[in-house]
Amino acid sequence: MAEFDPHVLEEKAVLPPVEFSRHARVRSLEEYRALYQRAQEDPAGFWSEQAELLHWFTPPTEVLVWNPPHARWFHDGTLNVSYNCLDRHVQLHPKKPALLWEAEDGKRLALTYTDLYEKTCRCANALKKLGVKSGDCVTIYMPMIPELAVAMLACARIGAMHSVVFGGFSAPALSDRMLDAKSRVLITADGGYRRGRIIPLKETADSALEKCPGVEKVLVVRRTGEKVNWNEGRDVWWHELVDASSSLAPAEPFPAEHPLFILYTSGTTGKPKGVLHTSAGYLMQCMWSTRMVFDLREEDVYWCTADIGWVTGHSYIVYGPLASGATVVMYEGAPDYPGRDRFWQIIGRYKVSIFYSSATAVRAFMSWGNAYLEKHDLSSLRLLGTVGEPINPAAWKWYHAIVGKGRCPIVDTWWQTETGSILISPLPGATPAKAGSATLPLPGVIARVLRMNGEEVPPGETGYLVIEQPWPSMMRTIYGDDERYRRDYWNRIPGKYFTGDAAQRDQDGYIWVLGRVDDVIKVAGHRLSSMEIESALVSHAAVAEAAVVSRPDDIKGEAIVVFCTLRSGHEASEELRVLVCEHVASVIGTIARPAEVRFADLLPKTRSGKIMRRLLRELAQKGSVSGDTTTLEDFSSIEKLAQEIGHDEE
Ligand code: WTA
């Protein structure tokens with residue numbers, strides 16, 4: 001949880017470059033305001049106009065049915081999501097590159113819209129042969145290869161949901177998610193590459209599958225060619241089944257509210273929640289925001305560096321850009337392999353014009369130094385973006401001056417797995433930017449900063465960020481746990497969507513998102529839950545009790561700090577520290593590996609027995625607790641908010 005820096009609000013606005021504004025979709029703050037007002041006065045009219053971006057088999061006659069907290073958007077319309085991402089572009093420009101894929105080892109593959117369409121049809125037919133039906137949930141556990149996008153679009157084509165599990169998750173995390181989604185089919189690969197090493201995905205999947213007897217078929221892409229264990233009757237090679245299937249698979253119409261995917265994300269408890277998104281509203285708002293926020297044009301080469309295993313990859317590698325008919329760059333590997341200029345090399349090679357990355361990546365590039373950029377031609381860039389965590393003004397300014405050469409607007413986009421698409425962001429040709437602020441809500445989005453009692457906080461004070469009205473790409477529920485959906489998101493400040501973020505509004509109405517008020521930790525933009533890490537820790541034989549907090553990290557934003565007590569018979573040692581870290585990595589994934597483990601005789605607790613996280617956070621951040629523990633109430637404004645919603649000790 002970041003401590004609030006009162007100076008950030010003093011940042012001066014940076015105007016959009018004149019040349020950019022001249023050609024942009026929205027060209028001035030006045031135009032933005034008019035659009036915003038139009039959407040506010042008549043949301044139904046506004047969204048029904050945007051719905052024309054989609055291809056409908058049956059156009060909807062009704063925009064929204066809102067039975068709080070459940071929304072149904074365009075419910076009597078029918079469409080096919082994969083038709084919207086493929087078929088209609090094949091008809092318009094069959095040879096346009098859809099995916100420009102680059103492997104970590106430098107191998108390249110360009111797929112036109114026709115190629116992607118045919119592969120998707122083959123995969124859709126193959127999934128049907130494996131018994132997948134509309135409404136089933138297929139789990140996908142893959143590296144960043146084109147088959148991942150193909151698999152998602154193939155599920156969408158036949159009305160099956162997908163649940164993509166990030167390839168960095170370990171076996172227990174994968175099996176939990178497969179069980180929760182009741183998947184009968186898993187799509188994976190023999191392995192993937194990361195910094196030249198092979199990540200043995202099939203081996204991890206095999207071990208996860210031991211706990212998932214319900215999974216009947218495993219479709220395996222051959223990526224590395226390494227030898228893998230083979231379960232005859234269960235395992236099927238992609239190149240044998242998919243490549244032999246027909247490249248014709250008619251796109252059937254599905255209702256607008258047909259489920260599209262589940263994406264598991266971390267919340268305040270140890271159990272990940274399956275965020276459910278449906279078809280039309282999600283696809284429409286992804287496509288609309290891609291056009292508005294990235295100002296996407298026919299000729300753009302668009303690169304979002306996220307992994308498709310996270311929501312950013314779902315919405316802004318696959319659905320938003322492909323529904324828009326864009327040319328999308330997809331890269332398999334690490335930003336520093338084989339050299340720290342890999343990203344700049346890719347931008348130069350493909351003449352990338354829109355580059356969307358994370359604040360962590362920007363901070364890493366900045367720390368590596370400017371020399372890596374200077375060797376490469378970045379003149380094709382016209383727009384830069386960031387997402388996933390607050391970006392500090394210094395990193396923003398470096399990004400603007402050194403990567404964008406002062407020519408490129410930066411869109412600092414705020415959104416969440418739950419929101420489906422970007423809700424708060426500058427419009428690049430219209431909104432003056434302030435380094436570190438996601439600026440203003442997009443048209444159609446009513447964002448407020450409130451106290452727990454629903455009152456608006458005055459400018460410059462910290463409150464909870466909420467969204468007031470339903471929007472088309474909002475999550476529909478938590479899969480299998482509607483009660484948690486109501487409780488976590490809609491009942492905290494009754495009737496409003498509770499984001500879990502602390503924020504401030506400045507005098508100009510700009511929103512500054514400061515960090516989470518719950519126990520969600522953002523490490524390098526990856527969303528983790530302290531409870532999930534704690535339950536992994538106590539499953540180690542030596543650990544009696546554990547508490548997980550975060551401390552600020554110069555590059556990754558936050559880092560994980562563990563405090564734990566040991567069971568009798570176990571001694572604190574350097575070896576045990578390493579073993580405990582390894583254990584967390586093997587239960588959740590290497591992204592959850594603690595930066596620091598501290599052994600303690602006791603964990604500080606309140607009289608009612610709750611762990612005093614506030615104290616531990618201070619210890620983790622400052623090295624020691626300053627002063628008397630009874631006078632720590634003012635430790636920071638965010639801490640207070642965390643307490644109020646019951647995530648901290650009294
Ligand atoms: C944080 C990622 C500040 C925020 C798309 C949110 C941000 C959480 C920004 C969602 C931003 C995302 N500025 N903070 N521009 N974008 N966040 O679900 O705390 O992985 O609640 O979705 O990331 O993370 P998630």
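**Notebook: ligand site and nonpolar cores**

I started at the ligand and looked up its neighbours: 17 residues surround it, and D412, T417, R516, K522 and R527 come nearest. A reminder to myself that this is a predicted model.

Next I sorted the shell around the ligand by class. I found six nonpolar, five polar and six charged residues there.

Then I checked side-chain polar atoms against the oxygen atoms of the ligand. For T417, a polar side-chain atom sits 2.6 Å from a ligand oxygen. For D501, the distance from a polar side-chain atom to an oxygen atom of the ligand is 2.8 Å. For Q416, an N or O atom of the side chain is 2.9 Å from a ligand oxygen.

How much of the ligand does the protein bury? I noted 96% of the 530 Å² that the ligand exposes when taken alone. I also looked up which elements give two or more residues to the shell: they are helix 11 (311–323), strand 20 (410–413) and strand 25 (511–516).

On to the protein interior. The largest nonpolar core has 171 residues, and F74, F294 and Y319 have the most contacts inside it. Helix 6 (residues 146–158) is the top contributor to this core, giving 10 residues.

I picked F294 for a closer look. Leaving out residues up to four places away in sequence, F294 touches S289, Y302, Y316, I354, Y356, R382, L383, V411 and I422. Another core lies apart from the largest one; it has 32 residues, including F343, A359, A361 and A364.

A general note for the margin: in soluble globular proteins, nonpolar side chains tend to be buried together.

Terms used
Residues are numbered from 1 along each chain as its sequence is written. This is a predicted model: local features need pLDDT of at least 70, side-chain atom pairs count only at pLDDT 80 or more; totals for chains, interfaces and linings use all residues. Side-chain values use heavy atoms; hydrogens and water are left out. A residue is near a molecule or strand if one of its heavy atoms lies within 4 Å of it. A polar contact is a pair of N or O atoms within 3.5 Å; within protein, one must be able to donate a hydrogen and the other to accept it, and residues adjacent in sequence count only if both atoms are side-chain atoms. Accessible areas come from the Shrake-Rupley method with a 1.4 Å probe; for residues, only the protein chains shown count as cover. Helices (H or I, at least four residues) and strands (E, at least two) are DSSP runs, numbered from the N terminus. Ala, Val, Leu, Ile, Met, Phe, Trp, Tyr, Cys and Pro count as nonpolar, Asp, Glu, Lys and Arg as charged, and the others, Gly among them, as polar. A nonpolar core is a set of buried Ala, Val, Leu, Ile, Met, Phe, Trp, Tyr and Cys residues joined through side-chain atoms within 4.5 Å. Buried means under 20% relative accessible area, exposed over 50%, partly exposed in between (1.4 Å probe, protein chains only). Contact means heavy atoms within 4.5 Å.
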